[in-house]
Amino acid sequence: MSVRKLEIIKKSEILFKEKGYSAVTMRDIALEMGMKAASLYNHIKSKQEILSDIILSLAEDFTSGMEAIVISDKTTAEKLQDVISLHIQITKNHPNGMASLNTDWMHLEEKLDYYLELRDGYEQNFRQLVIHGIQNNEVADVNPEVVVFSILSTLRSLYLWIPKKDDENLKNLDVDLSKVLLQGIIA
């Protein structure tokens, strides 16, 4: 990917987060880039291509991260902690892109089926980790769907919270979040 295209994608991530994908035009992106809309098309085919690049690259990062976690020799608790760390790391590196992943995925048009396949596979791997943990008495015997929903709901909203924190407040986030999400808050 060219440096210019990457720059266009980064600026578009911000615009999509601020205004929403549907409200942003190619003219808005060109203006943000300091170029004419016609020049923008030398680097990118469409707004849809930008959205696909943003969302699919993140979804593929999550998928490959989850696959590495699943095949590791770690305990279920360690794997679940690694899932939390994966979300924190990707969100810290791409908070604006995560906004698109969470709020604009339904606009993917011809890439929607591929995205849904990645998301469903990711969630299935997560669910299997929880089920395996329950079967091995490493995870409390509760409905796996409730566990997956509860943890993923928190992790998917990190993009709203992380940008508001400084590095000092994020230093132990993976440890603290793992403690709360995996062990609860009751002393």
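This is a selection-by-selection tour of a predicted model, starting at helix α1 and ending at the salt bridges.

**Helix α1**

Select residues 3-19, which form helix α1. This helix has 17 residues, and its first and last C-alpha atoms are 24 Å apart, close to the 24 Å expected at 1.5 Å a residue. Now colour K5, I8, I9, S12, E13, L15 and F16, the buried residues of α1. To see what covers these buried residues, add α2 (26-33), α3 (37-40), α4 (47-71) and α6 (95-103), which are among the covering elements. Just after α1, stop at G20, where phi is positive at about 95°.

**Helix α2 and its contacts**

Move to D28, in helix α2. A polar atom of the D28 side chain lies 2.9 Å from the backbone nitrogen of T25. Leaving out residues up to four places away in sequence, D28 touches L15, K19 and A23.

Next select E32, also found in α2. With 42% relative accessibility, E32 is classed as partly exposed. By the sequence cut-off of four places, the contacts of E32 are K11 and L15. Measure from E32 to S12 in the viewer: the C-alpha atoms are 8.4 Å apart, with the two positions 20 residues apart in sequence numbering.

**The nonpolar core**

Which residues touch the most other members of the largest nonpolar core? Select I29, I50 and F126; the core they belong to has 52 residues. Helix α4 supplies the largest share of this core, ten residues. In soluble globular proteins, nonpolar side chains tend to be buried together.

Centre on I29 and show its surroundings. Beyond its neighbours within four places in sequence, I29 is in contact with I8, S12, L15, F16, V24, L40, K47 and I50.

**Helix α7**

Select residues 112-135, helix α7. The end C-alpha atoms of α7 are 34 Å apart, which agrees with the 34 Å that 24 residues should span at 1.5 Å a residue. Its buried residues are Y115, L118, Y122, E123, F126, R127, L129, V130, G133 and I134. Show α4, α5 (76-93), α6 and α8 (144-156) as well, since the cover over the buried residues of α7 includes these helices. After α7 comes N137, with a positive phi near 55°.

**Salt bridges**

The model has eight salt bridges. Side chains of opposite charge can pair when their charged atoms come close.

Return to α1 and select R4 and E7, whose side chains form a salt bridge at 3.3 Å, N to O. These two residues are about one helical turn apart because three places separate R4 and E7 in α1. R4 is partly exposed at 28% relative accessibility, and E7 is partly exposed at 33%.

In the same helix, K10 and E13 are also three residues apart, about one turn. Their closest N and O atoms are 3.8 Å apart in a salt bridge. Is E13 buried or exposed? E13 counts as buried, with 7% relative accessibility, whereas K10 is partly exposed at 33%.

Now select E123 and R156, a salt bridge at 2.5 Å, N to O. E123 is in α7 and R156 in α8, so the pair ties together parts 33 residues apart in sequence. E123 is buried, with a relative accessible area of 17%, while R156 is partly exposed at 29%.

Finish with K5, E49 and D53, which a network of salt bridges links. K5 is one of the buried residues of α1.

Key: Residues numbered from 1 in each chain as written. Predicted model: local features only at pLDDT ≥ 70, side-chain atom pairs only at ≥ 80, totals over all residues. Heavy atoms only, no water. Helix = DSSP H or I, 4+ residues; strand = E, 2+ residues; numbered from the N terminus. Expected span 1.5 Å × (residues − 1). Buried < 20%, exposed > 50% of the residue type's maximum accessible area, 1.4 Å probe, protein only. Contact = heavy atoms within 4.5 Å. Core = buried A, V, L, I, M, F, W, Y, C linked by side-chain atoms within 4.5 Å. Polar contact = N/O pair within 3.5 Å; in protein donor to acceptor, adjacent residues only side chain to side chain. Salt bridge = Lys/Arg side-chain N within 4 Å of Asp/Glu carboxyl O.
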